Amino acid sequence: MLDDVGRKINYLRISVTDLCNLRCRYCMPEEGILKKKHEDILRIEEIEEIVAEGAKIGIEKVRITGGEPLIRKGIIELVRKISNIDGIKDLAITTNGTLLKQYAKDLKDSGLSRVNISIDSLNKEKYKKITRGGKIEEVLAGIEEARRVGLAPIKLNTVLIGGFNDDEIEDFVNLTNNENIDVRFIELMPLGQASRWAKEHFISNIKVLENFPDLVPLCKEDKESPAKYYKLPMGKGRVGLINPISSHFCSSCNRIRITADGRIKPCLHSNYEINIKSLIGQNIKLSDILKLAIKSKPKEHIIKKDEYEPIIRNMYQIGG
Ligand code: SAM
Ligand code: SF4
């Protein structure tokens with residue numbers, strides 16, 4: 001379906017939990033968050049129903065995210081249900097990877113197409129520091145398992161954090177030299193409780209290009225992806241830059257998001273939401289609510305403009 005400015009909206013991102021087993025400094029408070037009541041979180045069947053209604057109006061791609069999606073009870077069942085919905089051509093998960101060793105095979109067998117794994121440092125101690133206790137060995141084992149079962153291509157997401165991992169750009173880029181792996185650098189966005197921290201540690205992805213002037217820009221194969229891709233001259237994998245702040249990609253935005261508590265967010269950088277959970281079971285078509293959300297997408301975000309209102313939601317609620 002087209003939105004009001006002619007963009008084709010075919011991508012739905014769903015956060016299936018706002019809980020997480022890590023505490024990344026730019027995302028989750030150290031003490032974690034209060035667990036919501038069961039009835040305040042979308043049930044597996046409700047998520048399935050929303051996706052099925054979305055498919056009727058042209059949703060073809062779905063991403064499951066969180067919080068940490070792999071700690072959600074029933075995640076394998078959800079993957080199986082969504083992958084069986086007519087019209088859904090691509091189903092992916094974004095995960096911190098810590099539980100992938102355990103789940104990769106079941107996810108693949110249930111119909112998952114791909115996986116994005118978030119990893120902000122390749123150094124054991126630094127990884128532990130940024131995630132407040134995470135074990136990098138678990139993520140590396142998860143990546144290996146995902147590869148082994150054929151959840152390909154593997155994409156690593158790395159949020160670039162000034163003074164923390166900008167000295168690792170080279171190590172991350174070099175991963176693409178010998179392996180068919182995509183490393184995508186994401187600019188730190190100011191959202192929710194951690195927005196001040198994010199502003200203080202922001203660095204532009206331009207730094208990657210400054211450090212690697214020999215990166216070769218690639219033609220955009222997937223016009224809808226927010227990433228601009230590059231390659232090392234002899235590299236097997238790709239280096240992606242996702243620059244929501246330094247150069248926004250609103251004109252090619254193809255997505256809407258749903259939070260774990262069932263609010264549709266037409267734009268990540270706006271506080272406007274529609275409570276779809278409260279409308280499930282009412283005498284109203286969910287596809288009409290999704291259409292309304294698509295029609296409400298702003299032309300572009302206004303992060304750099306004076307009228308910008310800070311985003312109240314935290315990333316662990318929205319899912320990236
Ligand atoms: N727990 C999963 C994970 O970490 O991949 C999925 C949810 S997490 C919120 C999704 C992505 O959002 C991760 O790649 C994470 O690094 C990124 N993220 C979280 N907060 C962010 C922020 N303020 N700016 C940019 N990316 C952020
Ligand atoms: Fe958890 Fe992902 Fe947020 Fe890190 S970025 S705290 S892994 S939800």
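In this predicted model, the side chain of glutamate 68 puts an N or O atom 3.2 Å from a nitrogen atom of ligand 1. A nitrogen atom of ligand 1 also sits 2.8 Å from a backbone N or O atom, this time belonging to methionine 189. On the oxygen side, the side chain of tyrosine 26 brings an N or O atom to 2.9 Å from an oxygen atom of ligand 1. Taken on its own, ligand 1 has 540 Å² of accessible area, and the protein covers 94% of that.

Looking at the wider shell, 17 residues surround ligand 1, and those that come nearest are Tyr26, Gly67, Ser118, Met189 and Met315. Sorted by class, the shell comes out as 10 polar, 5 nonpolar and 2 charged residues. Strands β3 (90-95) and β5 (155-160) pitch in with at least two residues each.

Turning to helix α1, this element runs over residues 44-56, and its end C-alpha atoms are 19 Å apart. That agrees with the expected span of 18 Å, because 13 residues are laid out at 1.5 Å a residue. The buried residues of α1 are Ile44, Glu46, Ile47, Ile50, Val51, Glu53, Gly54 and Ala55. As a general point, an α-helix has 3.6 residues a turn, so residues three or four places apart point the same way. The cover over the buried residues of α1 includes strands β1 (11-15), β2 (61-65) and β10 (255-258), along with helices α2 (75-83) and α9 (286-295). After α1 comes glycine 58, with a positive phi near 105 degrees.

Notes:
Residues are numbered from 1 along each chain as its sequence is written. Chains are lettered from A and ligands numbered from 1 in the order in which they are written. This is a predicted model: local features need pLDDT of at least 70, side-chain atom pairs count only at pLDDT 80 or more; totals for chains, interfaces and linings use all residues. Side-chain values use heavy atoms; hydrogens and water are left out. Helices (H or I, at least four residues) and strands (E, at least two) are DSSP runs, numbered from the N terminus. The expected span of a helix is 1.5 Å times one less than its number of residues. Buried means under 20% relative accessible area, exposed over 50%, partly exposed in between (1.4 Å probe, protein chains only). Contact means heavy atoms within 4.5 Å. A residue is near a molecule or strand if one of its heavy atoms lies within 4 Å of it. A polar contact is a pair of N or O atoms within 3.5 Å; within protein, one must be able to donate a hydrogen and the other to accept it, and residues adjacent in sequence count only if both atoms are side-chain atoms. Accessible areas come from the Shrake-Rupley method with a 1.4 Å probe; for residues, only the protein chains shown count as cover. Ala, Val, Leu, Ile, Met, Phe, Trp, Tyr, Cys and Pro count as nonpolar, Asp, Glu, Lys and Arg as charged, and the others, Gly among them, as polar.
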